[in-house]
Amino acid sequence: MISDKMKNSDFHKFFIDELKDLYWAENAVLKELPKMQEAATSEELAESFAKHHEETKKHISRLEKVFESLGEKAEGVKCEAMAGILKEGKSIIEDTTKDTMTRDAGLILAAQKIEHYEIATYGMLKVFAAHMGHKEAENLLAETLDNEKATNGTLTGLAERFINKQAVAE
Ligand SMILES: [Fe+2]
Ligand SMILES: [Fe+2]
C-alpha cells in the first residue's frame, strides 16, 4: 500500500513519470524489432532480434505489473530519447546495403544504443524503487534489467565472433 504522503512526494511522482517514459519506449522498441530482424543479413542476428522481441513483450507486461503494484494506471508518455535512438536505427538501415555484414554491424550498433538506454533507465529506476521501499517494483525492474544486460552481451558476442570481421572484409 502506498501512503498518501508517498503518493504526493516529488520523488515518487518523478519516478512514475519516468516509468511512463519507459513504457512508451518499450512499446516503440517492440514495433521496431521485427523491422530490424527483417533487415538483418545473418540468421544469428535475425534470431537474436526475434528472441528479444518476445522478451520485450515480457518487459512491457512487467512494467504493467509495476504500475499496478503502485496503484497507477499503465500509460506511456513519449520518450524523446528512445524516439531519437530508433530514428537513428532506421537511418543506419537506409545507409547500409541489404545482405551485407556492414548492415549487421550497423544494426548491432543501433541495437546496443537501445539496450544501453534501457540498462541505464532500468538500473536507476530499480534503485529509486529500492529507496522508496517499493519492493515488488524493484524486483520486476531488476528482472528486466538482467535481460537487457544479457541481450547487450549477446550482441557483443555476435559482433566479436564473426560479424565485425566479415564486415571489414567486404
Ligand atoms: Fe526492454
Ligand atoms: Fe532491450
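How many residues does α3 have, and how far does α3 reach from its first C-alpha to its last? In this predicted model, α3 has 27 residues and reaches 39 Å between those two atoms, close to the 39 Å expected at 1.5 Å a residue.

## Overall architecture

The chain contains six helices and zero strands, so that its elements, read from the N terminus on, run α-α-α-α-α-α. Along its principal axes the C-alpha trace spans about 60 × 25 × 20 Å. Buried residues make up 34% of the 170 residues in the chain, and among contacts with a separation of 6 or more, 75% are accounted for by residues 24 or more positions apart.

## The nonpolar core

The largest nonpolar core holds 37 residues, of which Leu-107 and Leu-141 touch the most other members. Two or more residues are given to this core by each of α2 (10–39), α3 (43–69), α4 (80–95), α5 (101–132) and α6 (135–168), and the largest share, ten residues, comes from α5.

The surroundings of Leu-107 can be listed individually: when its neighbours within four places in sequence are left aside, Leu-107 is in contact with Met-36, Ala-39, Ala-40, Leu-45 and Ile-92.

## Helix α3 and its packing against α6

The buried residues of α3 are Leu-45, Ser-48, Phe-49, His-52, Thr-56, His-59, Leu-63 and Val-66, and they pack against α2, α5 and α6. In general, an α-helix has 3.6 residues a turn, so residues three or four places apart point the same way. Just after α3, Gly-71 takes a positive phi of about 70°.

The axes of α3 and α6 come within 9 Å and cross at roughly 170°; the two helices are therefore roughly antiparallel to each other, and α3 passes α6 in a left-handed crossing. On the α3 side the contact is made by Glu-44, Leu-45, Ser-48, His-52, Glu-55, His-59, Arg-62, Lys-65, Val-66 and Ser-69. The residues of α6 that take part include Glu-136, Ala-137, Leu-140, Leu-141, Asn-147, Thr-151, Leu-155 and Leu-158. Leu-45, Ser-48, His-52, His-59 and Val-66, which belong to this contact, are also among the buried residues of α3.

## Helix α5 and its partners α2 and α4

At 1.5 Å a residue, the 32 residues of α5 should span 46 Å, and this agrees with the 46 Å that separates its end C-alpha atoms. The helix is followed by Gly-133, whose phi is positive, near 80°.

The axes of α2 and α5 come within 11 Å and cross at roughly 160°, which makes α2 roughly antiparallel to α5; the crossing of these two helices is left-handed. In α2, the residues that meet α5 include Phe-11, Phe-15, Leu-19, Leu-22, Val-29, Met-36 and Ala-39, while the α5 side includes Arg-103, Leu-107, Ala-111, Ile-114, Leu-125, Phe-128 and Met-132. The axes of α4 and α5 come within 9 Å and cross at roughly 175°, and these helices are therefore roughly antiparallel to each other. Their contact is made by Ala-81, Met-82, Ile-85, Glu-88, Gly-89 and Ile-92 of α4 and by Gly-106, Leu-107, Leu-109, Ala-110, Lys-113, Ile-114 and Tyr-117 of α5. Leu-107 and Ile-114 thus appear in the contact with α4 as well as in the one with α2.

## Asp-99 and Ala-167

Most residues other than glycine have a negative phi. Asp-99, however, has a phi near 65°, a positive value in a residue other than glycine. This residue is found in the loop between α4 and α5. Is Asp-99 buried or exposed? Asp-99 is exposed, because 9 other C-beta atoms lie within 10 Å, and a residue counts as exposed at 12 or fewer.

Ala-167 has its place in helix α6 and is partly exposed, with 19 other C-beta atoms within 10 Å, whereas 20 or more would be needed for a residue to be buried. Not counting residues up to four places away in sequence, Ala-167 touches Met-101, Thr-102 and Ala-105. Ala-167 and Leu-145 are 22 residues apart in sequence and, C-alpha to C-alpha, 30 Å apart in space.

How values were computed
Residues are numbered from 1 along each chain as its sequence is written. Chains are lettered from A and ligands numbered from 1 in the order in which they are written. This is a predicted model: local features need pLDDT of at least 70, side-chain atom pairs count only at pLDDT 80 or more; totals for chains, interfaces and linings use all residues. A nonpolar core is a set of buried Ala, Val, Leu, Ile, Met, Phe, Trp, Tyr and Cys residues joined through C-beta atoms within 7 Å. Helices (H or I, at least four residues) and strands (E, at least two) are DSSP runs, numbered from the N terminus. Two residues are in contact if their C-beta atoms, placed from the backbone, lie within 7 Å. The expected span of a helix is 1.5 Å times one less than its number of residues. Axes are lines fitted to C-alpha atoms, for helices over the stretch in contact, and angles run from 0 to 180 degrees between N-to-C directions. Angles under 35 degrees count as roughly parallel, over 145 as roughly antiparallel, 65 to 115 as roughly perpendicular and the rest as oblique. A crossing is left-handed if the near helix is turned anticlockwise from the far one by less than a right angle, and right-handed if clockwise.
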